[in-house]
Amino acid sequence: MKYVSTRGASPALSFAETTMAGLAPDGGLYLPEEWPQLSPADIAGFAGQRYQDVAFAIMQPFVAGDIPDEDLRSLIETSYARFNHTAIAPLKQLSHQRWLLELFHGPTLAFKDFALQFLGHVFEYLLERSGTHLTIIGATSGDTGSAAIDALAGREHVDIFMLHPDERVSPVQRRQMTTVQAPNVFNLAIDGTFDDAQALVKQGFADQQMRDKLNLSAVNSINWTRVMAQIVYYFYAAAQLGAPGKAVSFSVPTGNFGDIFAGYCAHCMGLPIDRLIVATNRNDILHRAIQAGDYSAKGVMPTISPSMDIQVASNFERLLYDCAGQDGRMIGQMMAQFNDTKALSIPADVLDQITAIFTSGCADEDTTAAQIRSTLEETGELVDPHTAVGLAAAQAREGSVDGPMVILATAHPGKFRAAVERACGTRPSLPAHMAGLFDREERYEKLANDFDALRAYVFEKRGV
């Protein structure tokens, strides 16, 4: 399998090269040259299988030629060994049509564990094989950072520098990052938003000296391996609910568009999906893009669902590329315009391709809080604010879709205890393995929203 840049000006790479590169030199994101296809019989056969076995079947075509089957199976088994539910991604029924896909049973209580536990082991596997050292620079709106640090802390061949927006993540999210004392982990609180932090990371990848001297790679969902690992749970859930004989819809709380883009990948691989619902909070750039073709960034507004407080959704470029006939030159021009003006009007023919499978919904703060409260009252389930946004979007679209509706429960409510308690009066507790989190010493540094300052800091810590 070969991978190409969405901007068409970088050479095709193997899976291993793509994983190590993260972002393409031309500023684009990597995608497979073609989508592997699964037959209806393949999909039907996933019903009743272990999550790990479905993962092998989905991932194997993407890594063929780089990771032998026996090694891939071992990497998958190791990656999910620390999840605290034997089903890994259990489904829970809420009504005759709505189901929760619980994606918070990993070590850091968020869906990011599905991809980052796997990516961490893949990094170590490839680095041991090549005898090289890697420097990770990533940005997080809350959950990516803790999941990446958990996966990479203490690893011999990797240093990780994680940027988070200062005072814009929950106390639990911050402490999951900053209380890790491993010598290869560096936490930075940036004076700005997640979009600012993400822009600094992209500047780092555009700096040839940094790329060459530090051997840079990414753990954000700009890294294709992140998206690839998330494709699995769409097939896994749909098969339990009757696919391929029955089309399933998914409502996905969305910020950087990586999680729901994995659902689009599953669709391209043959999974019958009725609708993919992009669920946003009041930072609604993706909702406006899908409803009216208006992909224009506005100021980031803080919300009770902070992991979605994003106005520049990196993975949306991957969707634009695929729906524009994989025209890298066109996407390069569109992204250059967006970088200059922070506004983009999606061409009508491209928007038609997008809306053939996608729809969207937007939940403000009051709606999100009300959804947390009503879900608890009606079903007994306590959900976090991000999952509540997904539930609100699903409920608004329920009459327009056929078949089962799966809402991705992207985080444990205990990660957002104050917001959940304000909404419904019940304060969620953290699982036992998080006991003492608020007693541990924090270690992080504050940094200005300035690329030169970041560059100097990373070079100093890496001794370059």
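Here is a walk through one buried strand and two pockets of this structure. Keep in mind that the model is predicted.

Let's start with strand 7, which covers residues 185–190. Is this strand covered or not? Mostly covered: 6 of its 6 residues count as buried. Look at how the side chains alternate. Val185, Asn187 and Ala189 point one way, while Phe186, Leu188 and Ile190 point the other way. Both sets are buried, and the cut-off behind that word is under 20% relative accessible area.

Next, look at what strand 7 pairs with. One partner is strand 6, residues 158–165, which runs parallel to strand 7 and is joined to it by 6 bridges. At Pro165 in strand 6, the residue standing opposite in strand 7 is Ile190. Another partner is strand 15, residues 445–447, again in the parallel sense, this time over 3 bridges. Here Ile190 turns up again, with Leu447 of strand 15 as its bridge partner. If you'd like a single residue to centre your view on, Ile190 has a counterpart in strand 6, Pro165, and one in strand 15, Leu447.

Now bring in a helix. Strand 6, helix 7 and strand 7 together make a β-α-β unit, and the unit is right-handed. Helix 7 spans 171–178 and also takes us to a pocket, since both helix 7 and helix 18 (417–424) supply at least two residues to the lining of the second largest pocket.

That second largest pocket holds about 270 Å³ of space. Its lining counts 20 residues, and the closest to the centre are Ser170, Pro171, Phe416, Ala418 and Ala419. Which helix gives the most to this lining? Helix 18 does, with 4 residues. Sorted by class, the lining comes out as 10 nonpolar, 3 polar and 7 charged residues.

Finally, move over to the largest pocket, with a volume of about 550 Å³. There are 29 lining residues here, and Ala199, Lys202, Val312, Asn339 and Lys342 are the closest to the centre. Three helices each supply at least two residues of this lining: helix 8 (194–206), helix 13 (316–323) and helix 14 (328–341). Helix 8 gives the most, with 8 residues. As for chemistry, the lining of the largest pocket has 15 nonpolar residues, along with 6 polar and 8 charged ones.

Note on methods
Residues numbered from 1 in each chain as written. Predicted model: local features only at pLDDT ≥ 70, side-chain atom pairs only at ≥ 80, totals over all residues. Heavy atoms only, no water. 1 Å grid on protein atoms, 1.4 Å probe; cavity = no way out; pocket = protein on both sides within 12 Å on 5 of 7 lines; lining within 4 Å. Points joined across faces, edges and corners; volume = space filled by probe spheres on them. Nonpolar A, V, L, I, M, F, W, Y, C, P; charged D, E, K, R; others polar. Buried < 20%, exposed > 50% of the residue type's maximum accessible area, 1.4 Å probe, protein only. Pairing = 2+ DSSP bridges. Right-handed = clockwise from strand over helix to strand, strands pointing away.
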